[in-house]
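Let's take a friendly walk through how some helices pack in this protein and what surrounds its ligand. Keep the structure open as you read.

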Amino acid sequence: MTLRGSLARAALVLAAGLALAGGVRVLRPAPDITETFYVFGTLLEVETRGVPEAQARDAMAVLGAHFRQMHRDWHAWAPGKLESLNAAIAAGKPFEVDPALAKLLAQGRELACRSNGLFDPAVGGMVEVWGFHADTPPEGDPPAEAVLARLLAGAPKMTDLTIAGTTVRSSNPAVQLDLGAYAKGAALDLAEEDLQAAGIRDAVLNAGGGVQVLGDHGARPWRVAIRDPFEWGVVGAVSLRPGEALHTSGNYERYFDKGGIRFSHIIDPRTARPMRGVVSVSVLSDSGALSDAAATALSVAGEKDWPRIAAQMGVTAVLMITDDGSMLATPAMMDRLEPVAGGFPAPITVVDLPKDVAIPVCPAG
Ligand code: AMP
Ligand code: MG
């Protein structure tokens, strides 16, 4: 992969006043009311526009309390509700959750089914053995073959869960929930509702790799840039429409390198091993949870199979960047992706989504 004039682009990026984030940056002129939260291991910046400071600060206080609660309740490796639920599942017992978690699990179940299990939050045990249930990147050796074989034999799936009201049970004790692949998107969906309830019409929420917007920034839309996974710069920008969410998954976010191989934090549930071949996937849709889940699923699906999985999950705007620097995008993403600094870093191959895919039937459980 050749170096793509990083210095020139980085200079332009800074000159344009980009806010730095994980996979995306918000392009904005003078900031309005901004607050930063720490949630799910990442900084989450919320910016409101056009409301008095007191109203914005009150709304931020509500958001902060909700984010702290989600962080506690949805955490995969710290004491909290999810850990208790996982313990109950392992012991073959039903468990009572609150309505928000029940709804999130039902949503995850449906999205997992739609993705043919390539996105599947039931694979927490696989994520853990690769060392990703920690705040710092793992060190050391990959897990032993026998460990991976045991995890695969357990075949954990979200569809093993039955969610009856707020009672959750699993028919499979190997299910270990890790909501990390869609919790951020779901949290931004909930935050959007909070902000609307507080009378805020225009805002942007930016959380390392995920952005969601309410309304617009006055005369212009909220504009965000997708980070170039290979170097300091951006691959392009998207002007988000009210209510849209853009999420990027990638192996550059959390990983460890061993023996010249990069091990991603995104695990292929079919092999219990980190996915290979894809460096980043960005998905644009009207739902944070869907964009986030789909970005993870399509990373696992890989260069050949992603169009089918995208069609099954009902997302149309996708950008994929592979290990060798190839850029692939759907027509819907091409319509929205704007070059920054005079062009895209590489030619983009337009890939149509198949029209005749069978959408998996996901029985309610
Ligand atoms: P994301 O950055 O949204 O792609 O989410 C990655 C996170 O989701 C990882 O750090 C794991 O906690 C979890 N995860 C990894 N692989 C999967 C998978 N195949 N399906 C669902 N969750 C996953
Ligand atoms: Mg995701």
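Are helix 4 and helix 8 roughly parallel or antiparallel to each other? This is a predicted model, and in it the axes of helix 4 (residues 99-114) and helix 8 (residues 288-313) lie 10 Å apart at an angle of about 10°. Angles under 35 degrees count as roughly parallel, and helix 4 and helix 8 are therefore roughly parallel. On the helix 4 side, the contact uses Gln107, Leu111 and Arg114, while helix 8 brings Ala289, Leu290, Ala293, Gln312 and Met313. By class, the residues of this contact are 5 nonpolar, 2 polar and 1 charged.

Helix 8 also packs against helix 7, with an angle of about 170° and axes 7 Å apart. Helix 7 and helix 8 are therefore roughly antiparallel. Here helix 7 contributes Ala183, Lys184, Gly185, Ala186 and Asp189, and helix 8 contributes Gly288, Ala289 and Asp292. This contact of helix 7 with helix 8 has 3 nonpolar, 2 polar and 3 charged residues. You may recognise Ala289 of helix 8, which takes part in the contact with helix 4 and in the one with helix 7.

Helix 7 (residues 183-197) has a further neighbour in helix 2 (residues 53-73): their axes come within 10 Å and cross at roughly 150°. That angle makes helix 2 roughly antiparallel to helix 7. The crossing of helix 2 past helix 7 is right-handed. From helix 2, the residues in contact are Ala59, Val62, Leu63, His66, Phe67 and Met70; from helix 7 they are Ala187, Leu190, Ala191, Asp194 and Leu195. In this contact of helix 2 with helix 7, 9 residues are nonpolar, 1 is polar and 1 is charged.

Now for the ligand. Which residues come nearest to ligand 1? There are 18 residues around ligand 1, and the nearest are Asp178, Ser249, His265, Ile267 and Thr296. Three polar pairings with ligand 1 are set out below.

| Residue | Protein atom | Atom of ligand 1 | Distance |
|---|---|---|---|
| Asp178 | side-chain N or O | oxygen | 2.7 Å |
| Ile267 | polar backbone atom | nitrogen | 2.7 Å |
| Thr296 | polar side-chain atom | oxygen | 2.7 Å |

Asp178 thus meets an oxygen atom of ligand 1 through its side chain, whereas Ile267 meets a nitrogen atom of ligand 1 through its backbone. Thr296 uses a polar side-chain atom, with an oxygen atom of ligand 1 as its partner.

Notes. Residues numbered from 1 in each chain as written. Chains lettered and ligands numbered in written order. Predicted model: local features only at pLDDT ≥ 70, side-chain atom pairs only at ≥ 80, totals over all residues. Heavy atoms only, no water. Axes fitted to C-alpha atoms, helices over the stretch in contact; angles between N-to-C directions. Helix = DSSP H or I, 4+ residues; strand = E, 2+ residues; numbered from the N terminus. Parallel < 35°, antiparallel > 145°, perpendicular 65-115°, else oblique. Left-handed = near helix turned anticlockwise from the far one by under 90°. Contact = heavy atoms within 4.5 Å. Nonpolar A, V, L, I, M, F, W, Y, C, P; charged D, E, K, R; others polar. Near = heavy atom within 4 Å. Polar contact = N/O pair within 3.5 Å; in protein donor to acceptor, adjacent residues only side chain to side chain.
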